[in-house]
Amino acid sequence: MSRNDPFSQNIDLLTVALYIGCVMMGWFNVYAAVYSPEDQTSLFDLSTNAGKQLMWIGTTVILVICVLAIHHKFYDSFAYIFYGFMILMLLLVLVAGSNINGSRSWFKFGAFSIQPAEFTKVATSLALAKYLDVPGINLSRYKDLLPIAGIIGLPALLIIASNETGSTLVFAAFVIMLYREGLPGWIPAAGIALAALFVLALVFPKLYIFFGLVAVAVAFAFLMPRYNRTTRNFISMGVVIAGMMVFVTGVDFFVNNVLQKHQRNRIKVLVNPNIDPLGVGWNVTQAKIAIGSGRLQGKGFLEGTQTKFDFVPEQSTDFIFCTIGEEHGFIGSAVVIALFLGLLSRIVILAEKQRSKFNRVYGYCVAGIFFFHFMVNIGMTIGLMPVIGIPLPFFSYGGSSLWSFSILLFIFLKLDSRRAGMFTR
């Protein structure tokens, strides 16, 4: 083959195999989630979600071929243009989009819908890689962090304006990449601490939390090396503790006056799963029953009673993991988790091998996004995360998510093929 032939590049076959495994298992589980003993529909029936998913898989193959056919420099050169285009789409969907399940974030074309927010994750990843590839960028300097905050924050604000909270939260996944590239550790640590305080403020009386913060501050001051016990450090510690107390005090106001009713309900279910098992807690309760009933080996393919009788809403999309747990049990769930961990590990390994900073940054963006979706989607089906409505990559039904995740992954494989090709010429 010619050196310029795009298909002579060295695409990582192990990653492709893991990807195909996820997609095919996802298709079979979508079929299981919508299967009805009365109708006896086939895998290829285009009137069902399983048949439509097969069509999405077919179009995804065409998209993947296009991604691999494009020269690798295109993704670097047009990163900002692609980002700008997706920002325009997010603005347009606010005006001309269709309202589906309370979210104006979809372009509807007959029986099919496309969600621009899914593809914005790809564009933002490319834009971040482009920006961080500039020599001299230092993530410990605020002047360099401000443009990054803008690149991430602008699409996040537009997506939340369309009432798509779940897709907005996915943008937090970019912190993983930023930490790898030199973001000071105290920033993600502060984010984790605030998230923990948020949950604690919903569970315990505020006074208990205040006493706990003071106790932690005293213990920290006691354990601090003597040469660090300066007036300035003690003042800084006091300011931090006071800020945390103000944050804790404002949690109730935020939950009761800023969040919408369905968002408040989801948080209440997370804090107290038994608060309303037949109402707001129905989804999570039924999801846990479905997964638990699968036990070790599962009930068998197409034998899930919770699945067949539609006890779990949105089971072919957000709650697809319930089908896996019920019909394939702990063993099947473990296989799916291992498949995802293998894919994530492979992406990180390839990212670390990159000679180009653009490629490495983009690779970590891909890994971060996949990890966030994987962690939150499975976590919400077993009651460890709030229900925020994000898909399980390659498993959940939906064309927008399958297209965007596939494009996200294969752009990275295209970029990596350039590195791998250097060792075979």
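Helices, as the term is used here, are DSSP runs of H or I with at least four residues, numbered from the N terminus. In this predicted model, helix 12 gives the most to the lining of the second largest pocket, with six residues. That pocket has a volume of about 1200 Å³, and of the 50 residues that line it, the closest to its centre are N101, E314, T317, D318 and G389. Besides helix 12, at least two residues of this lining are supplied by each of several other elements, namely helix 2 (49-69), strand 2, strand 3, helix 7, helix 13 (282-293) and helix 17 (399-422). When the lining of the second largest pocket is sorted by class, 19 residues are nonpolar, 24 are polar and seven are charged.

The largest pocket has a volume of about 1900 Å³. Its lining comprises 47 residues, of which L169, A172, G191, A195 and F372 are the closest to the centre. Helices that each supply at least two residues of this lining are helix 6 (142-161), helix 7 (165-169), helix 8 (174-180), helix 9 (186-203), helix 11 (231-257), helix 12 (261-271) and helix 16 (357-381), and the largest share, 10 residues, comes from helix 9. By class, the lining of the largest pocket holds 40 nonpolar residues, together with six polar residues and one charged residue. Helix 7 and helix 12 are thus named for the largest pocket and also for the second largest pocket.

Strand 2 and strand 3, which contribute to the lining of the second largest pocket, belong to an open sheet of three strands, arranged in the order 1-2-3 with antiparallel pairing. Strand 1 (98-100) and strand 3 (112-114) stand at the edges with a single partner strand each, so one side of each is left without a neighbour in the sheet. From one strand to the next, the twist averages 60°. In general, the strands of a sheet pair through backbone hydrogen bonds, in either a parallel or an antiparallel manner. Strand 2 (residues 103-109) and strand 3 run antiparallel and are joined by three bridges, and K108 stands opposite S113 in strand 3. Helix 4 (residues 79-96) packs on the sheet, where it touches strand 1 and strand 2, and the direction of helix 4 makes about 90° with that of strand 2.

Key:
Residues are numbered from 1 along each chain as its sequence is written. This is a predicted model: local features need pLDDT of at least 70, side-chain atom pairs count only at pLDDT 80 or more; totals for chains, interfaces and linings use all residues. Side-chain values use heavy atoms; hydrogens and water are left out. Two strands pair if DSSP finds at least two bridges between them. Axes are lines fitted to C-alpha atoms, for helices over the stretch in contact, and angles run from 0 to 180 degrees between N-to-C directions. Contact means heavy atoms within 4.5 Å. On a 1 Å grid over the protein atoms alone, a cavity is a set of points where a 1.4 Å probe fits but cannot get out, and a pocket is an open set with protein on both sides within 12 Å along at least five of seven lines; lining residues have an atom within 4 Å of a point. Grid points are joined across faces, edges and corners, and a volume is the space filled by probe spheres set on the points. Ala, Val, Leu, Ile, Met, Phe, Trp, Tyr, Cys and Pro count as nonpolar, Asp, Glu, Lys and Arg as charged, and the others, Gly among them, as polar.
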